[in-house]
Amino acid sequence: MSGTPFSLSFSGGGFLAIYEIGVIQGLLEQAPEILRSAPKVYGASSGSIIAAAVVCGLSIDDVKKCLYGAARDARRTILGPFAPGCSILRILQRRLHQILPENSHRMATGRLYISLTRLMDGKNVVVSEYNSKEELIQAMICSCFVPIYAGFIPPSFRGVRYVDGGFTNLQPRSDLETAITVSPFTGEIDICPRDCPAIFYSLHIVHGSIQVSIENLCRIGYALFPPSYRVLNEFYSQGYRDAIFFLHRNNIFDHGCLAKTVTFEFVGVFSKNDLFHDGDRTSCQKPGMGVLNAANGTSLKNFLRHSVISRLHRIFTRVLQHLPQRCRKASAVLNLQKKSGLLSSVAEFMLHHLTSPTRVAWSFYKRLEHLWKFWKR
């Protein structure tokens with residue numbers, strides 16, 4: 001990273017914009033000059049709200065409460081955002097009126113660039129001039145509007161109707177300048193989650209990059225249907241850690257500051273030598289996970305296998321723990337889970353889906369156990 005200020009670009013992510021808030025928190029604590037000196041801050045869809053928070057200097061807590069409030073209302077009914085009485089954009093609009101300063105349109109003009117999709121011809125439009133606070137909020141609402149999901153009548157900006165800006169420009173930025181890109185989805189992005197040691201299949205669509213993976217499919221579901229507060233907080237913490245790791249890779253602050261902040265966050269994932277290796281100059285445009293692979297000392301195949309099995313193991317163990325205590329066979333499976341590994345996970349999976357006919361699940365488990373013993377010979 002040279003002394004030249006870099007622009008910022010926040011992609012759309014629905015309710016996973018909480019990840020981008022975590023990124024802002026990390027940059028604000030460790031490298032606030034990046035946020036202050038950015039000549040342009042781009043945003044698409046929910047990323048426009050995050051970009052506005054950076055430009056207008058909003059409190060991180062206020063922005064978090066804004067998103068948490070929308071997520072809470074969306075989780076009240078089984079239909080979520082599709083419920084008749086639920087209007088996510090109305091909630092955001094009301095909350096933005098409360099937290100944005102009165103001169104926010106002056107602060108945003110010439111620095112905040114919001115991506116919009118014009119309904120009439122489907123063209124991408126990036127706006128950067130605002131005459132009033134209401135006009136600024138209306139631009140963000142237009143950029144976040146997903147037809148049917150958010151309503152049937154698209155909102156208008158200066159008399160023209162627009163829909164979600166992520167449809168035509170998911171990661172807005174100018175080709176004439178260098179921008180730090182942020183996204184809650186894994187891809188060839190500067191700051192994003194890192195799921196695998198290597199990028200397998202990355203789709204470059206509407207100026208954005210998204211890796212084809214199960215994790216990203218889950219994130220898309222979370223983006224549309226908000227998870228629990230605990231999961232949202234995990235995404236917030238992950239955004240914070242990824243921002244710190246980005247700063248370290250580009251040597252933006254000294255190692256002592258990094259050690260105080262994230263040493264304990266990376267325990268079990270990164271070795272100390274890999275984390276503080278001075279020669280590691282990985283390009284921020286090539287999000288390889290060689291450090292992760294080297295730290296674990298495993299091949300890609302073993303890493304993926306271990307990751308999938310461990311996640312299934314944790315999930316199914318929690319499921320068993322919530323089964324009725326009087327279910328003796330479920331307790332027996334729980335006692336065996338430390339010994340049988342993957343077999344235990346399969347049995348717990350069957351118990352989760354066959355809770356009523358427990359005897360069928362127990363019989364199936366015993367058959368798998370005999371098969372496992374025969375295979376081990």
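The following exercises, each with a worked solution, concern salt bridges and solvent exposure in a predicted model.

Residues are numbered from 1 along each chain as its sequence is written, and side-chain values use heavy atoms, with hydrogens and water left out. Because the model is predicted, local features need pLDDT of at least 70 and side-chain atom pairs count only at pLDDT 80 or more, while totals for chains, interfaces and linings use all residues.

**Exercise 1. State how many helices and strands the protein chain has, and what share of its residues is buried.**

Step 1. Helices (H or I, at least four residues) and strands (E, at least two) are taken as DSSP runs, numbered from the N terminus. The protein chain has 16 helices and nine strands.

Step 2. A residue is buried under 20% relative accessible area, exposed over 50%, and partly exposed in between (1.4 Å probe, protein chains only). Of the 377 residues, 50% count as buried.

**Exercise 2. Describe the salt bridge of Arg 36 and Glu 33 in terms of distance, position and exposure.**

Step 1. A salt bridge requires a side-chain nitrogen of Lys or Arg within 4 Å of a carboxyl oxygen of Asp or Glu. By this rule the count comes to seven. For Arg 36 and Glu 33, the N to O distance is 3.1 Å.

Step 2. Both residues belong to helix H2 (residues 32-37); they are three residues apart, so about one helical turn separates them.

Step 3. Arg 36 is exposed at 57% relative accessibility, whereas Glu 33 is partly exposed at 46%.

**Exercise 3. Determine which residues are linked with Asp 73 in a network of salt bridges, and assign the exposure classes of Asp 73 and Arg 76.**

Step 1. The network links Arg 72, Asp 73 and Arg 76. Within this group, the side chains of Asp 73 and Arg 76 meet at 3.2 Å, N to O.

Step 2. Asp 73 has a relative accessible area of 17% and is therefore buried. Arg 76, at 61%, counts as exposed.

**Exercise 4. Locate the two partners of the salt bridge between Arg 158 and Glu 135, and explain what the pair ties together.**

Step 1. The closest N and O atoms of Arg 158 and Glu 135 are 2.9 Å apart.

Step 2. Arg 158 lies in the loop between strand E5 (156-157) and strand E6 (160-163), and Glu 135 in helix H7 (residues 133-144), so the pair ties together parts that are 23 residues apart in sequence.

Step 3. Arg 158 is partly exposed, with a relative accessible area of 46%; Glu 135 is buried, at 16%.
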